[in-house]
Amino acid sequence: DASSEESASLLRYPNGDLRYLCRETSVQRAWPMVQISRYTLTNGDRVQKLKCLGEFFCPVHGCTVVSRPKVPKERSNKAIAESCRLDFCPCHPTVQLVHRPCGAKMTITKGSDEIGSYVEVEHFGDHSHGDSHPIRPVSASRSMFEQVVRKDPQLSPTQLVVGSSSKEPVRNIDPAYKNIGRVREHQREVRKALDNELEKEVQRDLADHQGGLDSNGNESKPSNDHGILDGKLGDIAAVENQSNNPFLILEERSHNNDGGIVMQTAPMIQRLQLADRASEVDAIEGFLDDNRFPNGIVVVSSTYCSVMKKFTPTLVAILYGRSSLHFCRFFKILINGMDYADFQDFARNYKGMICDMSEAERLGFELAITDLFDVAI
């Protein structure tokens, strides 16, 4: 039984006359093999017969350049490698690579028993060449790669391959990830899975707050589990008497271009009201996925905390647009949390920076003041 982690080299590079069984049914071999026949046994087990294609090498003495053969169209015992991924040696540009044939063969049988699925491998002969560069990672390596991408989905394939002082390069996880094309392909798959999970989570949240179908298929009422009151469509839901638990302030049509999500906790409001320094408002570019929210932007209000000796967030918003109306909604919530008695109180004691604003931010700020205090600006 070659299912243990100690058998990783055997599973990837079987050599000599041997026979083994593995419970990991995904493809793990790294040898450049071509299928020469396949059939199904009477018990349902599927059998594949393969032969090794060898390798292409540079004939210059001392040169170590080798290249993996391309799989030929011929799928019989007469199949031979006619070309590889490199025509000429990169170290000796005028020298064409030469094929080194290999007589090793394999028979793979996939079946199942009372324990579960298995793969039985019979290997015949010795390979006449060194270990081939793997083009597919083993399943354990794919799981590790997925964890890396999930932690930081915004990293580029090049950053994943090269790594950094704080991040191990993925090529150390598996030799197959030295190929940036393979890294790009698998990263795309993980990102797609993350997008699908996010979409399902968003739909569940919307169903909780806007109503949906219950387990019996009947229309359900919106949930108030987070302390959000049912308000008039288009209005920001009112939130009162909050504890230290975080809550979301949702807006109608939050997934259209004129919507957004604003996040704030009771301690954030308290810190905002007790601050002795001006709050800063920053619009953060490039934080959202441009493919999902091409006009979206993250806006954060932060206030200096003298106890922690650093700026801490007091309001975080994901706006699905950058118009003055989007910023108006943001500033209305921010200013409302500062708890000013009237416009005179606001004008004398406003603790916020009003410089370095974009035109949309400035107009949104003025609209918010007009709506909150019923004054003309």
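**Group meeting: two cores, one open sheet, no disulfides**

Let me start with contacts. In the protein chain, take the contacts with a separation of 6 or more: 55% of them join residues 24 or more positions apart. Keep in mind that this is a predicted model.

Now the overall make-up. The protein chain has 8 helices and 13 strands. Of its 377 residues, 37% are buried. The chain exposes about 22600 Å², and carbon and sulfur atoms supply 49% of that area.

Next, the sheet. Five strands form an open sheet. The order is 1-8-7-3-2, and the pairing is antiparallel. Which strands stand at the edges? Strand 1, residues 18-22, and strand 2, residues 33-40. Each has a single partner strand, so one side of each is left without a neighbour in the sheet. On average, neighbouring strands here are turned by 20 degrees against each other, ignoring direction.

Look at the strand 1 edge. Strand 1 pairs with strand 8, residues 117-124, over 5 bridges, in the antiparallel sense. Take Tyr-20: its bridge partner in strand 8 is Val-121. Hold on to Val-121; we will meet that residue again.

On to the cores. The largest nonpolar core has 23 residues. Phe-331, Ile-335 and Phe-346 have the most contacts inside it. Which elements give two or more residues to this core? Strand 12 (297-305), strand 13 (310-319), helix 6 (324-337) and helix 8 (359-373). Helix 6 gives the largest share, 7 residues.

Zoom in on Ile-335. Set aside neighbours within four places in sequence. Ile-335 then contacts Tyr-340, Phe-346, Tyr-350, Phe-365, Ile-369, Leu-372 and Phe-373. Phe-346, one of the residues with the most contacts inside the core, is on that list.

There is also a second, separate core, with 15 residues. Among them are Cys-22, Trp-31, Ile-108 and Val-121. So here is Val-121 again, the bridge partner of Tyr-20.

Last topic: cysteines. How many disulfides does the structure hold? The count is 0. Consider Cys-52. The closest cysteine sulfur is in Cys-102, 3.8 Å away from the sulfur of Cys-52. The cut-off for a disulfide is 2.5 Å, so that pair is too far apart for a bond. Is Cys-52 buried or exposed? Buried, because its relative accessibility is 2%, and under 20% counts as buried. Cys-84 is buried as well, at 5% relative accessibility.

That's the tour. Questions, please.

Methods: Residues numbered from 1 in each chain as written. Predicted model: local features only at pLDDT ≥ 70, side-chain atom pairs only at ≥ 80, totals over all residues. Heavy atoms only, no water. Buried < 20%, exposed > 50% of the residue type's maximum accessible area, 1.4 Å probe, protein only. Pairing = 2+ DSSP bridges. Helix = DSSP H or I, 4+ residues; strand = E, 2+ residues; numbered from the N terminus. Axes fitted to C-alpha atoms, helices over the stretch in contact; angles between N-to-C directions. Core = buried A, V, L, I, M, F, W, Y, C linked by side-chain atoms within 4.5 Å. Contact = heavy atoms within 4.5 Å. Areas by Shrake-Rupley, 256 points an atom, 1.4 Å probe, with all protein chains shown as cover.
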